[in-house]
Structures are given as C-alpha cells and as structure tokens.
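I opened this model to look up a few local points before bench work. My entries are below, in the order I made them.

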Amino acid sequence: MNNQDTTAVLSPISGEAEETATDSQPLPKRAAATDPPRIIDPLKGIDALKAPERKRSPKLSEDKRFKVFCGSANRPLGEEICKFVGVPMGEARLQRFADGEVMFQLLENVRGADVFLVQPTCYPVDQHLVELLIMMDALKRASAGRITVVMPYYGYARQDRKDRPRVAITSKLVADLLTTAGANRALLVDLHAAQIQGFFNIPVDHLFASPVLVSYFRELDLPDLTVISPDAGGVERARFFAKKLEVPLAIVDKRRTDMNVTEVMNVIGDVRGRTCLILDDIVDTAGTLVKTVEALLEQGATKVYACASHPVLSGPAVERIAASPMEELIVTNTIPLREDALRVPKIKVLSIGGLLGRAIESIHMETSVSTLFN
C-alpha cells in the first residue's frame with residue numbers, strides 16, 4: 001500500500017518509536033496535554049490519571065501473552081486502563097482510505113495472546129462499530145488466543161425488543177456481529193437493559209458504574225437525599241443505588257410521545273423539602289432529564305442533582321443542561337465528552353478506568369469479578 005492510497009492517520013494506535021516499549025523498558029508517561037480535563041476517580045487507590053503508575057507483579061506486567069489494544073473512540077480511557085494494569089498499549093496502525101474505509105494493521109505478534117480490545121461504540125456509532133469489527137477480524141486472523149471486547153458503551157442497546165411492528169432488534173444484531181467478527185468474551189458497562197447479555201452466545205461480564213458514583217455521593221454527603229428513577233424501567237437500578245446510600249426512593253412517571261420526546265406526568269413519592277438525585281444510564285438529548293428536574297422542583301424539591309453512566313449528549317443536550325436548574329450532572333468517562341460539554345461547570349466526569357482495569361486483571365488471571373459489584 002503506497003502513501004497516495006490513504007489520507008492522514010486518524011487517531012493512530014501507535015507507530016512512533018518514542019512511544020513503544022520493550023521487555024526491559026516500561027512505556028513512558030504521555031504528555032499531560034492528552035489527558036482529559038476534570039476527570040476524578042473517587043475509588044481509593046485508582047486515580048489513574050494523577051497517581052503514579054503502580055508496581056505490578058511479574059505475573060501481569062511482564063506477561064507477554066497479556067495485551068491491550070484500543071480503537072479511536074476513547075483512547076484516553078484505553079491509556080488509563082493500560083496504566084492501571086501496568087502494561088503498554090498494543091502497537092498497531094489505524095488509517096483510513098480517502099473514501100473513509102478503515103485499514104487496521106497489528107504491529108506486534110499476538111499469536112496465542114490474551115487480547116483485550118477497548119472500544120465504546122459512541123458517536124459516530126456506525127464508524128466506531130465497523131472499526132471495532134475490523135480490529136477484531138485482524139486479531140482473529142493473527143491467531144490471538146482469546147479476544148475480549150471491552151465496550152464501556154454498547155451502542156444500539158436501546159433497541160432491545162420489538163416494541164412496535166416491523167422494527168429491528170439492533171442490540172441482538174450487534175451481539176451477533178461481535179461474535180462473528182471473533183470476540184470470545186465481552187466486558188460491558190451498564191447496559192440499557194440487563195437482558196441484552198442473553199443475546200450473546202459467548203461469556204459476558206456486565207459491570208456497573210454504581211460503585212464509582214456511590215463513592216462520589218457518599219463523600220458529597222448531601223442532606224435529606226432521595227434517589228429518583230426517571231422512569232419505570234430504571235427502578236431496579238435506582239433501588240440498588242438508594243440501598244447503597246441508605247436513602248429513600250421515588251419514581252417519575254412519564255409518557256414518551258415520540259423518539260427523543262418525553263412528557264413528564266407525575267412524581268410518585270414524597271420529594272418536598274428533599275435533595276433529589278436522578279439516576280439514569282444514558283443522557284442523550286437531555287430532554288427527559290431537564291423535564292424531570294423541573295417536575296421535581298415543582299413538587300417542592302430543594303435541589304436536584306443527576307448522574308448517568310453514559311454521557312451521549314447529542315443534539316441540544318449541552319445547552320439544555322447548562323440552562324437547566326439542576327445543580328450538577330455527574331457522568332463517567334465511558335464516552336469522551338464533547339468540547340462544548342467540557343466547558344460546562346455543571347458537568348463533572350468520574351473515571352471508571354480503575355474499575356475496568358480490575359475487571360481485565362480478573363478475567364486474565366481467571367479470578368472472580370463479583371467483588372467489583374460492591
């Protein structure tokens with residue numbers, strides 16, 4: 001392939017000699033300019049962006065059969081995971097032809113290796129999904145021993161059933177595509193519906209961001225706190241969160257009139273004089289979130305906070321959040337924030353790099369991941 005066949009490299013996974021690592025020389029620390037701003041990790045001992053790199057046992061940090069690769073969707077999170085587990089990022093080259101086709105090449109031997117491939121399928125969803133499939137195909141054809149796809153955000157998860165005639169079940173389709181492309185195992189975070197795990201014919205580890213979020217709000221110690229589920233489908237998630245914080249639970253009854261359009265109808269539970277915390281898995285256009293905040297304040301809530309695992313923040317979401325009466329929106333770095341969202345003081349980011357790093361360690365060492373649910 002000559003230089004005229006391709007355009008400029010988009011988010012190359014490696015290729016620069018000064019960023020490579022050998023068996024005897026650890027990967028040097030990247031420049032601080034590449035680190036995402038305002039990312040906090042409240043879990044003790046895993047502030048991966050600020051704390052020095054941890055000393056790993058020879059079993060892991062010197063294991064040549066343990067490799068982590070990352071796509072272009074969320075490279076800062078991939079680097080944070082690599083820093084936590086103490087291994088260098090896998091060497092590869094990711095380029096695009098002039099018409100947008102993806103070309104991916106591994107630059108190191110992965111034969112028989114236990115490979116973890118980090119790639120959320122966030123915006124642009126289709127581009128990142130196809131990129132992920134191509135990377136897995138390259139790993140499979142390079143004879144990787146096991147391929148674990150690490151998807152902090154699982155795109156197309158909201159279409160998980162036939163809720164109207166003649167529609168697709170895209171979450172099942174994506175699961176089939178991942179398996180066909182070569183995934184032997186999947187590590188997912190806060191699926192929109194837990195039953196999506198059943199769409200896979202391979203082992204799935206489903207993590208929750210709640211340990212990170214609960215830790216943050218415990219330290220915040222908000223008075224008279226009530227956890228709010230923004231709809232009936234999120235009651236189980238909100239109940240678990242409320243139980244961990246030992247606070248009451250309330251529910252907002254809503255009616256969805258169209259895609260991305262919601263009308264809030266009623267608040268079930270007493271929120272008068274209370275500090276409310278809305279818990280959801282995804283914030284997309286923020287229409288539901290802002291209307292929920294307004295409904296709670298109309299019912300007498302004193303302050304309203306919100307938290308979500310996946311900050312999709314599409315369309316007018318950032319402007320709506322900035323103009324809303326909510327105190328804060330706390331999200332995780334499963335998806336990189338848009339530039340305009342980074343400038344909004346109300347939006348704060350917590351890191352799940354340590355959570356994913358621990359899960360990857362457990363999967364590689366064949367130990368239980370159940371402790372990460374606490």
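These notes go from the whole chain to single strands, helices and backbone angles.

**Entry 1: overall count**

I noted at the start that this is a predicted model. The protein has 10 helices and 15 strands. Of its 374 residues, 52% are buried. I then looked at contacts between residues at least 6 apart in sequence, and 66% of these join residues at least 24 apart.

**Entry 2: nonpolar cores**

I looked up which residues have the most contacts inside the largest nonpolar core. They are Phe217, Phe241, Leu245 and Leu356, in a core of 44 residues. I followed Leu245 further. With residues up to four places away in sequence left out, Leu245 touches Val214, Phe217, Arg218, Leu225, Val227 and Leu277. There is also a second, separate core of 37 residues, and Val115, Met136, Ala186 and Ile202 are among its members. As a general remark, nonpolar side chains in soluble globular proteins tend to be buried together.

**Entry 3: strand E5 and its neighbours**

Val115 took me to strand E5, residues 114-118. All 5 of the 5 residues in E5 are buried, so the strand is largely enclosed by the rest of the structure. I checked both faces of E5: Asp114, Phe116 and Val118 are buried on one side, and Val115 and Leu117 are buried on the other.

Which strands pair with E5? Strand E2 (residues 66-70) pairs with E5 in the parallel sense, over 5 bridges. E6 also runs parallel to E5, and 5 bridges join the two. Val115 has a partner in each: Lys67 stands opposite Val115, and in E6 the bridge partner of Val115 is Ile147. From E5 the chain crosses through H3 to E6, and this β-α-β crossover is right-handed.

**Entry 4: Lys67**

Is Lys67, in strand E2, buried or exposed? Its relative accessibility is 14%, so Lys67 counts as buried, the cut-off being under 20%. Beyond residues up to four places away in sequence, Lys67 touches Glu108, Asn109, Val110, Ala113, Asp114, Val115 and Phe116.

**Entry 5: helix H4**

Helix H4 covers residues 170-181, which makes 12 residues. From first C-alpha to last it reaches 16 Å, close to the 16 Å expected at 1.5 Å a residue. I listed its buried residues as Thr170, Ser171, Val174, Ala175, Leu178 and Ala181. Viewed down the axis of H4, the buried residues fall within an arc of 145 degrees, so they line one face of the helix. Helix H3 (125-141) and strand E6 (146-151) are included in what covers them. Just after H4, Gly182 has a positive phi of about 130 degrees.

**Entry 6: helix H10 and Ser362**

I turned next to H10, which spans residues 353-364. Its 12 residues should span 16 Å at 1.5 Å a residue, and the end C-alpha atoms are 16 Å apart, which agrees. In H10, 11 of the 12 residues are buried, so the helix is largely enclosed by the rest of the structure. Among the buried ones are Gly353, Gly354, Leu356, Glu361, Ser362 and His364.

Ser362 is at 12% relative accessibility and therefore counts as buried. Leaving aside neighbours within four places in sequence, I found Ser362 in contact with Thr367, Ser368 and Val369. After H10 comes Glu366, with a positive phi near 60 degrees.

**Entry 7: backbone angles to check**

Most residues other than glycine have a negative phi, and most peptide bonds are trans. I therefore noted the exceptions I came across.

- The peptide bond from Tyr123 to Pro124 is cis, with omega near -10 degrees. Pro124 sits in the loop between E5 and H3.
- Ser143 is not a glycine, yet its phi is positive at about 65 degrees. Ser143 belongs to the loop between H3 and E6 and is partly exposed, with a relative accessible area of 30%.
- Leu313, also a residue other than glycine, has a positive phi near 50 degrees. Leu313 lies in the loop between strand E13 (303-311) and helix H8 (317-323). At 1% relative accessibility, Leu313 counts as buried.

How values were computed. Residues numbered from 1 in each chain as written. Predicted model: local features only at pLDDT ≥ 70, side-chain atom pairs only at ≥ 80, totals over all residues. Heavy atoms only, no water. Helix = DSSP H or I, 4+ residues; strand = E, 2+ residues; numbered from the N terminus. Buried < 20%, exposed > 50% of the residue type's maximum accessible area, 1.4 Å probe, protein only. Contact = heavy atoms within 4.5 Å. Expected span 1.5 Å × (residues − 1). Arc of directions from axis to C-beta. Core = buried A, V, L, I, M, F, W, Y, C linked by side-chain atoms within 4.5 Å. Pairing = 2+ DSSP bridges. Right-handed = clockwise from strand over helix to strand, strands pointing away.
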